[in-house]
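Keep the viewer open and a selection box ready. This tour goes stop by stop, saying what to select and what is there.

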Amino acid sequence: MAEAVLSALIEIIFEKMSSQILEYRMLGGTEKEMSQLRSILLTIQDVLEEAEDQQLRNKTVKNWLMKLKDAAYDADDLLDEYMMEALEYEVGADDNMKFKDCMINMVCNFFSRSNPFIFHYKMKCRLKQIGERLNSIANERSKFHLKNSNVNQTYQSSGRLQSDSFLLESDVCGRDRDREEIIKLLTDNSHGDVSVIPIVGIGGLGKTTLAKLAYNDKRADKHFQQRIWVCVSEDFDVKRIMRAILESATGNTCHLQEMEVIQQRIRELVMGKRFLLVLDDVWSDDHDKWERLKNSVRHGSEGSKILVTTRSEKVALIMGTIAPYYLKGLPEDDCWSLFEQRAFKLGVPKEASIVAIGNDIVKKCRGVPLAAKTLGSLMCFKREKSEWVDVKDSEIWNLLGGENGILQVLRLSYDDLPSHLKQCFAYCSIFPKDYCIEKENLVQLWMAEGFLPSSGRKAPEEVGNEYFNELLWRSVSGSDCSAVEVGRQVSIPAATRHISMVCKEREFVIPKSLLNAGKVRSFLLLVGWQKIPKVSHNFISSFKSLRALDISSTRAKKLSKSIGALKHLRSLVKLPNGIGKLSSLQTLPIFIVGRGTASSIAELQGLDLHGELMIKNLENVMNKRCARAANLKEKRNLRSLKLLWEHVDEANVREHVELVIEGLQPSSDLKKLHVENYMGANFPCWLMNSSLSNLTELSLIRCQRCVQLPPLEKLSVLEVLSIDGMDATRYISDDSRTNDGVVDYASLKHLTLKNMPSLLGWSEMEERYLFSNLKKLTIVDCPNMTDFPNLPSVESLELTDCNIQLLRMAMVSTSLSNLIISGFLELVALPVGLLRNKMHLLSLEIKDCPKLRSLSGELQGLCSLQKLTISNCDKLESFLESGSLKSLISLSIHGCHSLESLPEAGIGDLKSLQNLSLSNCENLMGLPETMQLLTGLQILSISSCSKLDTLPEWLGTLFHSKSWSFGIVKTYYICQIQ
């Protein structure tokens, strides 16, 4: 991956060399060195593509690329330092203009480090040194006979073998179910004339094999009048593919050259026929080329199909007319069969333990058939146990580098990435295997490394999200990144730039070899470092080039003051003193305001923060001037802001809190705002006057003294609203602030109202308001709320500790898929009609209704219900009627003390039931015999049902001929089908 990182790094260097700061303000005396450096890098860039191809076969070329990359990183560090000094000098120069009359000051400045003449001289020398170093390395390219890349050269095949439709079915394992699914799609004629079915999966997973299975199936042969197989591969040349269609269909070589003639022949070939066209191994996401090809075969009869195999979800979404078929890995048993066929074709080894080691090796294949086959072939001639152990314990992918090995196949996905995505993907190797990477965190790290270009149109975070999604679409699964487990003897190369450390030991011991890696740019302490009291000066001063530092998993309460010297630092996940000195810092998830000046909120003033920021202990900010010093309004790249107060009982805090929050006005570009424990009586003007027009999420938590809420109808893109603990609020919306007519909160999708004892309703005129796109509504502990506006599209509704009259909302909502009714202390029976016309209801939960005796037959007609949970309804005696709940999969009854038995007729009708759980039903005495009809039951769990001390004998019949286990722990029974 060295070439990928190097190519992208050179582009970053060119971008910095072209910046206005260097080009117009600070080049004095270094123009020649800059020009020479640019020329050398251009020369290197010309041969990188050729070097990339050769490094797979030539270790010397690979080492050459590593040396180049190390030198390029040093050049990038130097330019970063140059730019930062330039910015500091520019700011300093403005300040020094005030003292231009002071001769003494000018003399002092001449001998200071900030003197531009001395600075330029030092930079000139260092640029010359790095240029000479790069030039020396670049001159070595002549030894490898590397050719310059030609941007105008025509496409050349990667040399990968073309696929064909031939298949020896006895070589295939574990794809019977997948074949049936594909055949079902191919023979389904309900999708119009020519439908396109994409099969998506990573390289080596068996997409082509599955396509062959379907293509050669007798049912496909009978169903289609014409079958055509074309291997597309990387080059989506429309003319070449169309000629290949003709050759596959006719068996004759196509010598036609003119597009018009080729199209006419294809039209004649498919006209009036039901055909199957397989396009194997498609890489191109060029929509225009695909449309052109598809139009050429539109004349087939109804039911014609195009079956596409691709690694890219993006390609599948462009080409497909139905949802992609996502191919999964093989079960371990099938992987073992493929491995066994090849590894033991000369006979099973005498040493039995080798088979067990082989099983461990197969687990590393992760269900990828090509990996199992390649590894099996590799192990065929290894007869000694030590050889098998070496393979099991090795980095398995390093063993599979042959021309037909999985490394070559998987590498195609990597080679197809543009350079900017290659470096982002390569960076992920900093994380240990199987580590769960959070997207937001990864994007911030990419940003700190300078991988994400910024423009006026898109913020770096948006670019990072696009890069992340692109890598997922492409189904992509270096030595400059290291993941180290403390306690193991490891060697960390001096050229390492990105490192993560995992410690499972109790003691904090930094490996000595880490001190060799003084050029580290990213340093992440991931897990196991919870007891580090402090990160020392020596530790920090060892890494002057740090861009990203994450020590959030530690308990370190402070960092050394020397962290202010890390001028390159852009992402910091832990709060030190002196944070305001980190002028390049872009990521700061949490800032805790202390009582002293060292932790003053003013430290945020000069930081260009991106992403999210939580400011805690705002009670320590005593006036509006201090709050304004944080300069939140100018932080246009901040997307999420959380403002939290803690101890706010003191009268002086409550007196100043409204002025403080006024001074904390964020940028109008903010997307998410969370305000918690705010003790003012009024929200700030910047929230009340709707200046946050881009807000998509708003949370107001425990703002107990506020009566009036912001004008939500003016937040036109608000999607998520949470209001919790606002004791004084009576209505959410003030009718006097809205115009006459219907007010539709069209963008709002999720709404939560909690712990609002004074709330009466949304407004005094509920009929004027509409939530046309609201999907989820949660109302908890709002006892005086009796009505709510119309909810035409709500899918999830939770009503907890509310007024019974609110149940009318559920009665008129026909789009519900999830309903929770909880804490209705006076509810005796479900209102008649409550669950009528709930054709889409999938999950129903009724809990904490102690007086509920009957469900009033409301479960009748819930034809789609899959999950029913009833808990802590002490008086409930029955709940099921005959013929209801045909689709129910899971039934859970808990804490229903009046329930003596399950209804015979109702239980027997639950033909789809798979999971039945009964707990804490102290009067339940038996199970109905109709349970014997539940042939699909997989789990039966019974606990704390004291009168149910034995299980019926017929229970064994229910699980007859099935593998099952049964256990008893006091009054707890569990039956689990295995």
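Is the crossing of α14 and α16 left-handed or right-handed? Select both helices before reading on. The model is a predicted one.

**Stop 1: α14 and α16**

Select residues 332–343 for α14 and 369–379 for α16. The two axes come within 7 Å and cross at roughly 25°. With an angle under 35 degrees counting as roughly parallel, α14 is therefore roughly parallel to α16. The crossing is right-handed.

Now show side chains at the contact. From α14, pick Cys335, Leu338, Phe339, Arg342 and Ala343. They meet Pro369, Ala372, Lys373, Leu375, Gly376, Ser377 and Met379 in α16. Colour this contact of α14 with α16 by class: eight residues are nonpolar, two are polar and two are charged.

**Stop 2: α7 and α8**

Move to residues 176–186, helix α7, and keep α8 in view. Here the axes lie 9 Å apart, and the helices pack at an angle of about 60°. That angle makes α7 oblique to α8. The crossing of α7 past α8 is right-handed.

Which residues of α7 meet α8? Select Asp178, Arg179, Ile182, Ile183 and Leu186. Across from them in α8 are Leu210, Leu213 and Ala214. By class, the contact of α7 with α8 has six nonpolar and two charged residues, and no polar ones.

Stay on α8, residues 207–215, and turn on a surface. Seven of the nine residues are buried, so the rest of the structure largely encloses this helix. The buried residues of α8 are Lys207, Leu210, Ala211, Lys212, Leu213, Ala214 and Tyr215. Leu210, Leu213 and Ala214 are thus buried, and these three also meet α7.

**Stop 3: the five-stranded sheet**

Hide the helices and look for an open sheet of five strands. Read across in the order β2-β3-β4-β1-β5; the pairing is parallel. Which strands stand at the edges? Select β2 (226–233) and β5 (325–326). Each has a single partner strand, so one side of each is left without a neighbour in the sheet.

Bring back helix α10, residues 238–250. α10 packs on the sheet, touching β2 and β3 (275–282). The direction of α10 makes about 145° with that of β2.

Take the β2 edge in more detail. Seven bridges join β2 to β3, and the two run parallel. Find isoleucine 228: its bridge partner in β3 is leucine 277. Although β2 stands at an edge, this strand is mostly covered, with seven of its eight residues buried.

Go to the other edge. Strand β1 (residues 194–200) runs parallel to β5, joined by two bridges. Select isoleucine 199, whose bridge partner in β5 is tyrosine 325.

As you step along a strand, keep one rule in mind. In a regular strand, side chains alternate between the two faces of the sheet.

**Stop 4: β22 and its partners**

Jump to residues 776–782, strand β22. Five of the seven residues are buried, so β22 is largely enclosed by the rest of the structure.

Now add β20, residues 750–754. Five bridges join β20 to β22, and the strands run parallel. Leucine 751 stands opposite leucine 777 in β22.

Add β23, residues 796–802. How many bridges pair β22 with β23? There are six, again in the parallel sense. Select valine 780 to find its bridge partner in β23, threonine 800.

**Stop 5: two single residues**

Select histidine 498, in strand β7 (residues 498–503). Histidine 498 is buried, with a relative accessible area of 1%. Add arginine 547, 49 residues apart from histidine 498 along the chain. Their C-alpha atoms are separated by 9.7 Å.

Finish at serine 690, in the loop between α25 (685–688) and β17 (697–701). Is serine 690 buried or exposed? Serine 690 is buried, at 15% relative accessible area. Draw a C-alpha to C-alpha distance from serine 690 to leucine 715: 6.6 Å in space, for 25 residues in sequence. Leaving aside neighbours within four places in sequence, serine 690 is in contact with Pro711 and Lys714.

Technical notes:
Residues are numbered from 1 along each chain as its sequence is written. This is a predicted model: local features need pLDDT of at least 70, side-chain atom pairs count only at pLDDT 80 or more; totals for chains, interfaces and linings use all residues. Side-chain values use heavy atoms; hydrogens and water are left out. Buried means under 20% relative accessible area, exposed over 50%, partly exposed in between (1.4 Å probe, protein chains only). Helices (H or I, at least four residues) and strands (E, at least two) are DSSP runs, numbered from the N terminus. Two strands pair if DSSP finds at least two bridges between them. Contact means heavy atoms within 4.5 Å. Axes are lines fitted to C-alpha atoms, for helices over the stretch in contact, and angles run from 0 to 180 degrees between N-to-C directions. Angles under 35 degrees count as roughly parallel, over 145 as roughly antiparallel, 65 to 115 as roughly perpendicular and the rest as oblique. A crossing is left-handed if the near helix is turned anticlockwise from the far one by less than a right angle, and right-handed if clockwise. Ala, Val, Leu, Ile, Met, Phe, Trp, Tyr, Cys and Pro count as nonpolar, Asp, Glu, Lys and Arg as charged, and the others, Gly among them, as polar.
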